[in-house]
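Work through the exercises below with the sequence and the coordinates at hand. Each task is followed by a solution in steps.

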Amino acid sequence: MTVTSQTIVLTLIAAIMAVPAFFMFNKMPETWLQDYDFDPKAENVRWAKRLKTCHIAVFAVIYAVLVFLSNAIYPDFLCADNWIRVTALLLLLPGFTIIIMSDTLNRIIPDQIVILNIAIAILYFVTDFVCGNIWIASDKAWYYFILNRIIAALIGSGILLLVGILSSAIAKTEAMGMGDVKLLFLCGLLSGLKGLLFVVFISFVTAGVVAVPMVIKKRMRIAREEKEIRESPDPAKARKILMKKKREMHFADDPDYLAFGPFLVFGTVLFLLYEPYFLELFDRYFAVLGAVG
């Protein structure tokens with residue numbers, strides 16, 4: 001297969017892999033998309049939002065572009081010789097799509113989908129032995145390849161759990177959900193120790209970029225609400241009504257909440273597609289750590 005035909009085939013398959021997410025997401029049990037204390041008989045229950053065809057169209061385009069560029073730049077990375085790695089990556093995409101949209105629409109990362117992708121991640125362990133790992137010398141002992149991914153998963157999820165606990169203690173509210181912790185465990189399995197540095201960096205930087213306009217928008221909204229209260233005939237009553245409305249708002253509809261799961265997925269997918277580039281960056285700026293590894 002020529003480089004051109006390989007690129008075209010992988011690009012088309014990547015786009016198609018967004019489609020299963022539509023059917024999977026919309027057929028999922030309601031409880032998978034709700035918090036653990038969900039009660040369908042509760043008053044003012046909020047039913048989970050589902051995917052629309054436009055969502056899948058967007059993901060299809062994004063996956064097609066990312067895979068096309070990866071194959072065009074590094075044709076020897078995602079190729080027939082590395083078919084296990086290619087298969088694993090493509091199989092991960094539907095689950096990643098569901099995680100992104102579920103966290104965005106419903107503020108929930110379904111445990112079942114994380115477990116599914118963890119099962120698929122086993123293929124990356126297989127590809128380490130069959131195709132090799134560009135981050136680890138081939139003369140390393142077999143257990144080195146396994147520990148590389150397991151330790152990354154434990155360290156990544158452990159650090160995020162600690163950050164969440166500390167942030168929640170300071171902010172007096174939940175700052176990091178357990179879904180993010182479980183998701184980073186999956187991300188660590190896929191990236192390995194050195195790759196985890198890039199996944200976390202990309203995730204936090206992109207989340208920060210999105211958070212800035214959200215903070216600005218929040219301040220503008222608060223200023224507008226305060227103005228409306230001041231101009232109200234009964235400011236005290238107006239403030240009580242506003243506070244009551246906020247208390248009754250479902251956490252999934254909170255405009256000030258920033259779902260972190262999509263950024264973790266974005267960082268992971270970007271890393272998995274462009275590993276050779278990140279290896280170059282690592283060797284250039286982290287030569288000491290590379291020598292230790």
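**Exercise 1.** Find the angle at which helix 4 and helix 9 pack, and how far apart their axes are.

Solution. Helix 4 covers residues 83-106 and helix 9 residues 261-273; helices are DSSP runs (H or I, at least four residues) numbered from the N terminus. The angle is about 160° and the axes are 8 Å apart, with axes being lines fitted to C-alpha atoms over the stretch in contact and angles running from 0 to 180 degrees between N-to-C directions. Helix 4 and helix 9 are therefore roughly antiparallel (an angle over 145 degrees).

This is a predicted model, in which local features need pLDDT of at least 70, side-chain atom pairs count only at pLDDT 80 or more, and totals for chains, interfaces and linings use all residues. Residues are numbered from 1 along each chain as its sequence is written, and side-chain values use heavy atoms, with hydrogens and water left out.

**Exercise 2.** List residues of helix 4 and helix 9 that meet, and class the contact.

Solution. Contact means heavy atoms within 4.5 Å. In helix 4 the residues include Leu89, Phe96 and Asp103; in helix 9 they include Gly261, Val265 and Leu272. By class, this contact of helix 4 with helix 9 has 10 nonpolar, three polar and one charged residues (nonpolar: Ala, Val, Leu, Ile, Met, Phe, Trp, Tyr, Cys and Pro; charged: Asp, Glu, Lys and Arg; polar: the others, Gly among them).

**Exercise 3.** Count the disulfides.

Solution. A disulfide is a pair of cysteine sulfur atoms within 2.5 Å. The count is zero. For Cys79, the nearest cysteine sulfur is that of Cys131, 8.2 Å away. Cys79 is buried at 11% relative accessible area (buried means under 20%, with a 1.4 Å probe and protein chains only).

Notes: Buried < 20%, exposed > 50% of the residue type's maximum accessible area, 1.4 Å probe, protein only. Helix = DSSP H or I, 4+ residues; strand = E, 2+ residues; numbered from the N terminus. Parallel < 35°, antiparallel > 145°, perpendicular 65-115°, else oblique.
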